[in-house]
Amino acid sequence: MKENFKAVCIGGGCGASQVMAGLKAYTKQITGIIAVTDSGRSTGKIRIAMNVPAPGDIRNALVTLSDGDPVFKQLFQHRFSSEKLHELDGMAFGNLFLAALTQMTGSFELAVKEATRLLQLTGRVLPVTLYSTHLCAELVDGTVVQEEFNVRALNKPPIKRVFLQHPDIEVYRDCVDALQEADLITIGPGSLYTTVIACLLVKGVAKAIKESRAVRVYVCNTTTQPGQTDGLSLSQHVSEVLNYLGTGAIDYALLNSGSPSEELRRKYAEDRVYLLEPHAEEVRRIQDMGITPVLADFVAATSSKRTLWEKQDSVRHVPERVAAELVKLIQI
Amino acid sequence: MIPDGFLKWLRPGMHVKRWLALLLVGILCLSLGVAYIMTHLYRTQPFPESAYWVTLQFLDRRLRGLLFLAVGAVFAGVALWRLSHSLLAPLLPPSGQDGLADIVYRYRQLGKGPRIVAIGGGTGLSTLLRGIKAYTSNITAIVTVADDGGSSGRLRRELGVLPPGDFRQCIAALAEAEPLVTELFQYRFDQGEGLNGHSFGNLFIAAMSGITGNFERALHESSRVLAVRGQILPSTLEDVVLCAELDDDSTIEGESQIPHGPAPIKRVYLRPADAQAYPEALKAIEEAELIVIGPGSLYTSIMPNLLVEDITQAIKAARGRKVYVCNVATQPGETDGYKARDHVRTLQEHFGKNLFDYVVINDRVVPMPPEWHVDSLGGRPEALAGLGVRVISADVVEEKQPTRHNPQKLAQVLLGLVPSQG
């Protein structure tokens, strides 16, 4: 294995930072490229109030990679609760921190850097773009929905394609540098449209990934996600990513072959969350796309169901297992 | 040539020389021990031929001794130097204008500084703290929780925390953290419905209260993570309301309302009247060498602390020297028309004559623009004759902003009053 290799993880606050947390054991040179189009809950509130790029996913990634004082981690994730003050109710303190620093210094970039220093990160977290924009989707029936929160809303026709409200916004320069120098690039896991593809849509990202000499791996989700990937098969997930990235931009796909307990599967099924299983046919389709499938059991037997705010959770990857498989790939 | 940085380590009070000496004694004992064992072996065991060369026996014995001493000293020196760097590198501030020796020196010196308690609130107290933190880290700021205006008041009503505003100002004044973080702490949101007008530091303390479960631990943790020099304590943890009785016999409730009353203030009181003092604050008062009351709003910052009865009792019983720092200007709605004399008399009327022995007044009266609606306070010591207090008049005013004290000038005057420093 290459000593202290350079890894770049693309995605959102949950999926990508789990991969980063796993990779921490192997290298210190980790860069997270994180979506800034989230518009739910407190992130949405602060964006309406202050027009900053979405801090929520960045905040999660920062906290996951933090090696600093645990109090700062708790503080960043602390949510205010107040019945009397609607604007502050549910607001995560870390979002306020990033927003205040952005307002004070006039730069979201500097705000993220300062938070990185304060939380003593292993590696770094970069917003995919420094501009504030929103994710939009065209549905199969032709209607267009705006903002991430609506793109992932339940009970609407399937998504036909997604795009950014401001398609011309540029990728953050440091992200391109990181992608160019990387030895390993991971994409996902995470919400297919609202975090993974939301990152790939930013102008310059797909090109940098395609031109990179790194080993490029798509870490596929374990389940479908109601509101955005209902009915999509495993290979359809991969082909959607390739749609936005271009053929030849992914070398490997990590597919989960493990299965949570029967009881848990039933519980998930009640919420219309279905396991993405790597049947032979699916695996062959992925191979036909020019991608080498890597099958392993990535889910913990003890996985339990979490409740997220107006969002369905999927079965989580175990960071250590994902990292172990990734490290094998750069050894080849 | 010995580098300047090295000599700094040998300054008095660094707590370095004594440990260096012990280390030398240790090395000496180790060498002696090894020498004894070696001598014994040398006399009883046959040695291989190579021992002759390894121990340099072809050299004169005195030369050999000097050579080993020199090599030993260099190795030990380098080892110590590198060891301290390896251990301390992660702890040093990244910006690092000050060398490690300076940081250690400051830490040691300030740790030996006088024990000072400052009572008040708001801008006045933080001005004072900014000045005296250059002399001592044994500072205790005792702050009121009766504040109910502005961002603090909103958080108090809407999140149910004690008002953080005055504490925020003190934390910012005493924090040793990076300047950007301190600046952020004082930052006030200027857009965003619901956030507008809130200060970031207030939300920080409120969030800390949420994490730690209570205000007291929130203050403690906030102070810790922001590397506050000294401690900041509430005078009470009870949810007290400041009330005022006016000259027209009407009453007003709420700290923020008091300056807007229809008539001059006759007296102020707390509701509930029997609020328990914060025990740590009492302890700090008891142990202090100098207790400073003010500067700050007479009725709305200073008095809410003193109205907690145990605090006043503790001050009276304390052995330290007690000083009242009179404001340098009147305050609209609170002390219009007051002279320095009226400030002292008002405090004496509320709390008795034996609360403090010294008064610091400003002797450099700067004229104020009439549109500010404030008057300069101060003058000659004679102005306070007959009140039973010793008056120190000095130039303590901030020239650029003559309604405030100058932190450095004020700190110098106050340090002169500390018994052990005088």
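These legends go with close-up views of a predicted two-chain model. Local features need pLDDT of at least 70 and side-chain atom pairs count only at pLDDT 80 or more, while totals for chains, interfaces and linings use all residues. Residues are numbered from 1 along each chain as its sequence is written, and chains are lettered from A, with ligands numbered from 1, in the order in which they are written.

**View 1. Where chain B touches chain A.** The contact draws 20 residues from chain B and 22 residues from chain A; two residues are in contact if their C-beta atoms, placed from the backbone, lie within 7 Å. On the chain B side, helices H9 (179–185), H10 (200–212) and H11 (215–225) are the elements giving two or more residues. (Helices are DSSP runs of H or I, at least four residues, and strands are runs of E, at least two, numbered from the N terminus.) H10(B) hands over the largest share, 6 residues. Sorted by class, that side has 13 nonpolar, 4 polar and 3 charged residues. Here Ala, Val, Leu, Ile, Met, Phe, Trp, Tyr, Cys and Pro count as nonpolar, Asp, Glu, Lys and Arg as charged, and the others, Gly among them, as polar.

**View 2. Helix H1 crossing helix H14 in chain A.** H1(A) (residues 15–23) packs on H14(A) (residues 319–331) at about 70 degrees, with the axes 8 Å apart. Axes are lines fitted to C-alpha atoms, for helices over the stretch in contact, and angles run from 0 to 180 degrees between N-to-C directions. The two helices are therefore roughly perpendicular, a label for angles of 65 to 115 degrees. Gln18(A), Val19(A), Ala21(A), Gly22(A) and Leu23(A) of H1(A) meet Pro319(A), Glu320(A), Val322(A), Ala323(A) and Leu326(A) of H14(A). That makes 7 nonpolar, 2 polar and 1 charged residues in this contact.

**View 3. H1(A) and its surroundings.** With 8 of its 9 residues buried, H1(A) is largely enclosed by the rest of the structure. Buried means that 20 or more other C-beta atoms, placed from the backbone, lie within 10 Å of the residue's own. Among the buried ones are Gly15(A), Ala16(A), Ser17(A) and Met20(A).

**View 4. A small-print look at the chain B sheet.** This open sheet has 3 strands in the order S5-S4-S6, with antiparallel pairing; strands pair if DSSP finds at least two bridges between them. S5(B) (251–253) and S6(B) (265–271) sit at the edges with a single partner strand each, so one side of each lacks a neighbour in the sheet. The twist averages 20 degrees from one strand to the next. S4(B) (residues 241–246) is joined to S6(B) by 6 bridges, and Glu245(B) has Arg267(B) as its bridge partner. Helix H13(B) (residues 298–306) lies across S4(B) and S6(B), at about 45 degrees to S6(B).

Notes. Parallel < 35°, antiparallel > 145°, perpendicular 65-115°, else oblique. Buried ≥ 20, exposed ≤ 12 C-beta atoms within 10 Å, placed from the backbone.
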